[in-house]
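Colleague: I'd like to go through the labels on this model with you. For each one, tell me what value it rests on.

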Amino acid sequence: MNAKQTIVALSTPSGSGALGVIRLSGPEAVDIANSVFKGKDLRKQASHTLHFGLVMDGESILDEVVIGIFLAPKSYTKENVIEISCHGSSYIIQRIIALLIENGARAAKPGEFTLQAFLNGAFDLSKAEAVADLIASNSRASHDVAMQQMRGGFANELQGLREQLVHFASMIELELDFAEEDVEFANREQLRELILQINRVITKLISSFELGNVIKNGIPIVIAGKPNVGKSTLLNSLLNEERAIVSDIAGTTRDTIEDEINIGGVVFRFIDTAGIRETADLIEAKGVERTLEKMKQAKLIIYMTDATQDFSDIAQQVKGLDNQDIPYIVLVNKAELLTAEQKEHLKELPVHFISAREHVGVEELKESLLETVNVSGIDTNETILTNIRHVEALKSTEASLNRVLENIDNPITSDFLAMDIKQALHYLGEIVGEVTTDDLLENIFSKFCIGK
């Protein structure tokens, strides 16, 4: 290794702030940092210590800094790591990084620190991907799922079963060495039971992805209804800002408007849509078409009507929602216009009364959302998949194991059984990174932020 392989990047968000942290990792990290540092000789300092001093460009002082030293293998990357805490001026940060590059470092690629940690055996690939999920987490639920993954929940769940499968693969390979003696080292019934057990775990993991994807990316909720019933007013009320244009003119919203809000630790992605009605306006008609498409993709529909609508018409709209096969909540807006008798009549339908403009009933709506989607009550100690790459690998594993099950019942030679078991092990290995290609690693880590 040479100094060119020591990488450097800003590890805090770009832009001006109180502090910026510049990270160096690699065999020459300490020497490169020491060459621009005026203070203690960093080469003689112990690991996990902090040192105050100056970063110097020749005779010019760039900044007063605190340098942290983390020597291999007790660092994030398992290499020598230096972290320079400087003032958060973009100018200062750029000057220091440029100076470090002049002295032998190389600018890091996105995710390269975590890539080095993976390549150096700090953790497996599934845990490395969980680092990216943790950085991107924007709710309690997504944070808890990412932390569970980082603690090895996913890998640990499969590891014991995988080791047993490796044992059977080796026993079948041994049979091949004694093919002429016609001996059986791998008990077929035990193999069958193991595969059924693995498939039960795989099925459970695959089925968790729908929930995991919702937790990671937010729950898509469509706000639908006829024009001018207060859909955009509701969105503004939920967000506490004027996100959507509100007008008394029917058909003001002609396209979808999306925004997110965290309710009770769960991210909801609200989609305000064009009002559903027949129209000769081509642009508005396109908006209505998109509304219907969004409704099909939603995990929950908030269907809005208001107190000025005919009650039989409201009942008909609710009946139409039953055919969507998607959970829904019906809101009757402008509830202040309803008499007590009218409210009592409408209670026969599954409706909530609100006044979006006055923010009446909005908090109760938020509680109903949590109850309806039932995400806040999930057990994040359970393994929940959030990565489509893992799902595809598990599906391929399941297909290979199913072929083993079929072949156990057929008069087939051991080499075919061994081939399918090896294929299953290959796909399981892809998940944790025991089987990788450069293209796969580049694709995974390129999605990380620079500096991580």
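Colleague: Why is N34 called buried?

Modeller: This is a predicted model, and in it N34 has a relative accessible area of 14%. Buried means under 20%, so N34, at 14%, counts as buried.

Colleague: Where does N34 lie, and what is it in contact with?

Modeller: N34 lies in helix α1. Leaving aside neighbours within four places in sequence, N34 has contacts with K40, D41, L42 and R43. The C-alpha atoms of N34 and I67 are 9.9 Å apart, with the two positions 33 residues apart along the chain.

Colleague: What makes H48 partly exposed rather than buried or exposed?

Modeller: H48 has a relative accessible area of 48%. Buried needs under 20% and exposed needs over 50%, so at 48% H48 falls in between and is partly exposed. H48 is in the loop between β3 (37–38) and β4 (49–57), and its phi is near 60°, a positive value in a residue other than glycine.

Colleague: And what makes H359 partly exposed?

Modeller: The reasoning runs along similar lines. The relative accessible area of H359 is 30%; with the limits at 20% and 50%, H359 is therefore partly exposed. H359 sits in the loop between β13 (351–353) and α13 (362–373). Phi of H359 is near 65°, again positive in a residue other than glycine.

Colleague: Which glycines with a positive phi follow helices α8 and α15?

Modeller: G218 follows α8, with phi near 95°. G433 comes just after α15, with phi of about 95°.

Colleague: How do you know that the length of α15 agrees with its number of residues?

Modeller: Helix α15 covers residues 414–432, which is 19 residues. The expected span is 1.5 Å times one less than that number, so α15 should span 27 Å, and its end C-alpha atoms are in fact 27 Å apart. Those two values agree.

Colleague: Which residues of α15 are buried?

Modeller: Among them are L417, A418, I421, A424, L425 and L428. I421 is also one of the residues with the most contacts inside the largest nonpolar core, together with L165, L191 and L394. That core has 32 residues, and α6 (153–177), α7, α14 and α15 each supply at least two of them.

Colleague: What does I421 touch beyond its neighbours in sequence?

Modeller: Past four places in sequence, I421 is in contact with L165, A169, I172, L191 and V404. There is also a second, separate core of 26 residues, including A29, V30, I97 and L100.

Colleague: Which residues of α8 are buried, and what covers them?

Modeller: In α8 (residues 209–217), F209, G212, V214 and I215 are buried. Their cover includes α5 (140–150), α7 (188–207), β8 (219–225) and α14 (388–408).

Colleague: What makes you say the charge of R23 sits over a ring?

Modeller: The charged end of R23 is 5.3 Å from the centre of the F113 ring. The distance limit is 6 Å, and there is an angle limit of 35 degrees from the ring normal as well. At 5.3 Å the distance is within the limit, and R23 is listed as sitting over F113.

Colleague: Which residues form a cluster through ring pairs?

Modeller: F118, F445 and F448 are linked that way. The structure holds four aromatic pairs.

Colleague: How do you know that the peptide bond from A72 to P73 is cis?

Modeller: From its omega, which is near 0°. P73 is in the loop between β5 (60–70) and β6 (81–88).

Colleague: Where should I be careful with the coordinates?

Modeller: Where pLDDT is low, the predicted coordinates should not be read in detail. The chain has a mean pLDDT of 80, with 82% of its residues at 70 or more. Among the elements, α10 (residues 282–297) has the lowest mean, 54, while α1 (residues 29–35) has the highest, 97. Over residues 243–255 pLDDT stays under 50, although the model has 40 contacts for them beyond four places in sequence. Residues 275–285 are also below 50, with 25 contacts beyond near neighbours in sequence.

Terms used. Residues numbered from 1 in each chain as written. Predicted model: local features only at pLDDT ≥ 70, side-chain atom pairs only at ≥ 80, totals over all residues. Heavy atoms only, no water. Buried < 20%, exposed > 50% of the residue type's maximum accessible area, 1.4 Å probe, protein only. Helix = DSSP H or I, 4+ residues; strand = E, 2+ residues; numbered from the N terminus. Contact = heavy atoms within 4.5 Å. Phe/Tyr/Trp six-rings, centres within 6.5 Å; stacked < 30°, edge-to-face > 60°. Core = buried A, V, L, I, M, F, W, Y, C linked by side-chain atoms within 4.5 Å. pLDDT = per-residue confidence, 0-100.
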